[in-house]
Number of protein chains: 4
Amino acid sequence: ATGSGRLSGAERDPARLVTFSDAVFAIAVTLLILQIRPPQDTRDLLHGLTSLWPSYLAYAVTFLLIGQMWVNHHVMFDHIRAVDRLVLFLNTVLLMVIAFLPFASSVLAAAFESGHGRQSAVVFYGIAFEAVAALFNVIWEYVRRGRHLLQQAVDTDDLSAIGRRYRLALVWIAVGTALGILHPVAGVVVIAAFIPAYWLPIGGEASSAGRVRDRGPTPP
Amino acid sequence: ATGSGRLSGAERDPARLVTFSDAVFAIAVTLLILQIRPPQDTRDLLHGLTSLWPSYLAYAVTFLLIGQMWVNHHVMFDHIRAVDRLVLFLNTVLLMVIAFLPFASSVLAAAFESGHGRQSAVVFYGIAFEAVAALFNVIWEYVRRGRHLLQQAVDTDDLSAIGRRYRLALVWIAVGTALGILHPVAGVVVIAAFIPAYWLPIGGEASSAGRVRDRGPTPP
Amino acid sequence: ATGSGRLSGAERDPARLVTFSDAVFAIAVTLLILQIRPPQDTRDLLHGLTSLWPSYLAYAVTFLLIGQMWVNHHVMFDHIRAVDRLVLFLNTVLLMVIAFLPFASSVLAAAFESGHGRQSAVVFYGIAFEAVAALFNVIWEYVRRGRHLLQQAVDTDDLSAIGRRYRLALVWIAVGTALGILHPVAGVVVIAAFIPAYWLPIGGEASSAGRVRDRGPTPP
Amino acid sequence: ATGSGRLSGAERDPARLVTFSDAVFAIAVTLLILQIRPPQDTRDLLHGLTSLWPSYLAYAVTFLLIGQMWVNHHVMFDHIRAVDRLVLFLNTVLLMVIAFLPFASSVLAAAFESGHGRQSAVVFYGIAFEAVAALFNVIWEYVRRGRHLLQQAVDTDDLSAIGRRYRLALVWIAVGTALGILHPVAGVVVIAAFIPAYWLPIGGEASSAGRVRDRGPTPP
């Protein structure tokens with residue numbers, strides 16, 4: 001409601017959209033654990049627990065990737081002053097795909113545990129993340145072109161840097177997914193390698209003060 | 001708590017009700033994914049994943065419908081200044097039906113996957129959504145007549161436009177549900193067609209400035 | 001953080017406790033639906049869906065009872081200015097019991113669906129709710145006696161009225177639970193009858209302005 | 001967004017991080033109940049319900065431990081003025097481990113119900129909590145050394161007291177986990193004993209006004 005007086009008829013304050021999205025992100029990551037079932041046979045529990053390693057790995061990779069998306073969702077909406085019905089709709093579709101990721105994650109884990117269908121599982125997993133990356137790009141391009149939905153004080157270089165990041169994600173995940181057809185393990189490694197790459201600062205962004213916002217700290 | 005000084009004894013600020021409702025909406029949409037079980041047999045995973053198409057479809061349709069309801073819940077409570085015990089109760093019943101929708105969605109998906117009981121499933125699904133639409137209408141009519149629960153600055157045309165939208169939902173879902181008895185696929189298509197119809201602007205609303213708030217933007 | 005300057009060392013602003021509690025209430029009610037499994041056999045889906053009636057009933061009764069507790073939790077914390085470690089602990093135990101209710105609800109539904117163990121199930125269900133009622137009473141009595149944790153402007157009659165309500169819940173649920181040993185259906189009916197009784201205004205409360213806050217509106 | 005003008009490029013207001021973390025804590029504790037399955041055989045329901053005692057116990061211990069972590073997470077972020085990318089990342093890893101705890105809890109319960117694999121289960125459970133304690137220590141030490149991320153008004157003794165508490169948790173859980181190899185029940189008892197120890201005031205903290213904030217109240 002804050003500042004809604006400055007908004008024209010079709011526009012809304014993004015505060016509630018962000019809160020709602022945060023909730024979906026938080027629930028999606030926490031539901032990931034429900035996809036891991038405790039070993040039925042507790043007679044050799046240690047073996048049962050260690051044989052679940054693909055589930056733990058899929059859990060960790062998916063959790064950290066969704067965590068990254070959450071951070072990026074905030075970076076995006078920090079620059080947005082108002083949302084219209086189309087942004088509201090596109091964001092709902094984005095949340096729909098994010099809430100789908102626990103399913104893709106469990107498919108991946110099941111394939112690596114059984115040793116069957118690993119190619120299909122990696123491609124399925126990659127496509128789900130590619131859809132997220134695509135929606136980030138679509139929302140950002142729409143908002144950038146519309147301009148009137150953006151905060152007034154934003155820096156053009158800043159906007160470009162964010163756009164480059166989102167396009168990078170699109171290419172990176174696509175490469176990992178394609179590689180998964182040839183070599184499932186390599187595909188997963190490429191997709192998982194996106195996690196450290198994204199948390200570290202990207203060289204080209206350092207020249208602009210506005211872009212500094214995205215840089216990580218130098219470790220202590 | 002904000003502004004509670006202006007409220008009489010039996011009335012409460014709707015802020016917490018809205019936050020609580022948002023949480024239930026967010027959890028309900030995110031729980032939808034738990035209704036889709038990964039294929040047990042991973043030997044032909046690609047086939048297993050594609051044969052789940054009714055689940056994906058039910059997931060998408062239900063997610064987007066609940067997303068719409070969330071938007072409409074906000075539109076409604078943007079006009080409400082205070083809630084009394086009856087609104088609190090009716091809203092709890094509304095949330096009860098919304099939290100029920102993941103179950104209805106999984107019944108629909110299971111029927112289309114097995115090919116049996118599709119009529120019953122579509123009618124069951126339709127009735128659940130019809131109950132949501134009915135509760136929106138009941139709450140809105142009660143608040144409109146009571147008047148003292150509304151924001152002071154609201155436009156009468158605006159209130160009527162919202163009421164018309166809620167009545168439209170009631171009729172639309174009823175038609176889809178009834179059609180589902182004769183032809184299950186047609187019934188689902190009609191109910192799903194409610195999604196684009198609701199996100200697009202409705203002609204008759206454009207004449208009033210107050211109504212503009214509900215219009216979608218013209219695509220870029 | 002707001003107003004924390006007015007709090008002494010061991011005291012904390014209840015805002016975050018309330019937000020956290022709201023989240024647990026919202027998740028608990030929404031998880032209720034996961035306890036209802038779609039019929040496995042879709043060949044006679046209509047029969048399968050109707051035979052789940054005890055699940056629907058347990059779902060509705062438990063949802064509305066938890067919804068009531070949520071309202072009462074807010075009424076309680078509206079009167080509380082600060083929480084100390086003991087209130088924090090007791091509230092955590094309260095939430096622990098509330099998050100347990102979906103399990104008790106599914107035990108109740110399973111017993112009525114199978115026709116076996118209905119006495120045990122009703123008593124189990126009643127004891128869970130009795131524990132909630134007891135914790136409400138303990139927290140409220142502790143806060144009332146401590147006094148320094150209460151808002152300064154509270155009316156003593158108001159505090160007494162809330163205390164009476166909580167004690168009423170304690171007795172009511174105990175009667176329903178005990179009755180469940182003799183006659184399971186009667187026990188459930190008494191516990192469920194608590195829902196309308198609690199949403200309607202209670203006669204004795206009407207004489208004080210402070211108590212009016214809890215009264216429901218007269219229907220239109 | 002509040003106060004973001006005072007933050008340098010790489011820093012962010014922790015408000016959203018705290019809200020997001022609260023949601024994950026709330027969902028994690030509430031999901032615990034899904035790990036308890038109602039008895040399949042309702043013919044001797046009373047026996048079925050009582051034989052689930054390890055599940056109830058694991059539920060209660062894990063709920064109260066996560067509740068404690070939630071309180072401690074707040075105590076930590078009350079002292080933090082700004083977060084950088086590393087804190088954001090470490091907090092995401094912390095939440096990842098917390099969301100994992102319902103799984104560890106169900107492994108523990110299953111082992112005690114079957115009587116097999118109790119050693120493995122206790123060690124598994126202990127390691128999960130040890131990871132949480134380690135992450136609390138890492139985040140706190142990083143923030144304390146960085147200093148610029150802390151609130152300006154913080155008391156050095158206060159910071160040390162919090163650090164001591166986090167190190168105590170590290171040692172305590174490690175002892176319980178190691179003991180679990182020799183004697184599973186003793187291991188669980190030591191880990192569970194952390195609950196009252198943590199809610200009660202710690203003697204050495206009472207001398208400083210700043211530390212008083214963590215003290216529990218004297219019972220009425």
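**C against B**

I started with chain C and chain B: 40 residues of C are in contact with 37 of B, contact being heavy atoms within 4.5 Å. This is a predicted model, so local features need pLDDT of at least 70 and side-chain atom pairs pLDDT 80 or more, while totals for chains, interfaces and linings use all residues. Residues are numbered from 1 along each chain as its sequence is written, chains are lettered from A in the order in which they are written, and side-chain values use heavy atoms, with hydrogens and water left out.

Next I looked up the area. C and B bury about 3,500 Å² between them, with 75% on carbon and sulfur atoms; buried area here is the accessible area (1.4 Å probe) that two parts lose on being put together, summed over both. On the C side, C:Thr30, C:Trp70 and C:Trp199 lose the most area to chain B, together 17% of what that side buries.

Then the charges. I found one salt bridge between C and B (a side-chain nitrogen of Lys or Arg within 4 Å of a carboxyl oxygen of Asp or Glu). The partners are B:Arg16 and C:Asp78, with the closest N and O atoms 2.7 Å apart.

For C and B I also noted four residue pairs in polar contact, both residues at pLDDT 80 or more. A polar contact is a pair of N or O atoms within 3.5 Å; within protein, one must be able to donate a hydrogen and the other to accept it, and residues adjacent in sequence count only if both atoms are side-chain atoms.

Which helix gives the largest share of the C side? H3(C) does, with 11 residues.

**D against A**

I moved on to chain D and chain A. Here 37 residues of D and 41 of A make the contact. The buried area is about 3,500 Å², and carbon and sulfur atoms give 75% of it. D:Phe20, D:Arg85 and D:Phe103 lose the most area on the D side, together 23% of what that side buries.

I counted one salt bridge here: the side chains of D:Arg16 and A:Asp78 meet at 2.7 Å, N to O. Polar contacts between D and A come to four residue pairs, both at pLDDT 80 or more.

On chain D, helices H1 (15-31), H4 (85-114) and H5 (118-146) each supply at least two residues of the side that touches A. H4(D) gives the most, with 16 residues. Helices here are DSSP runs (H or I, at least four residues), numbered from the N terminus.
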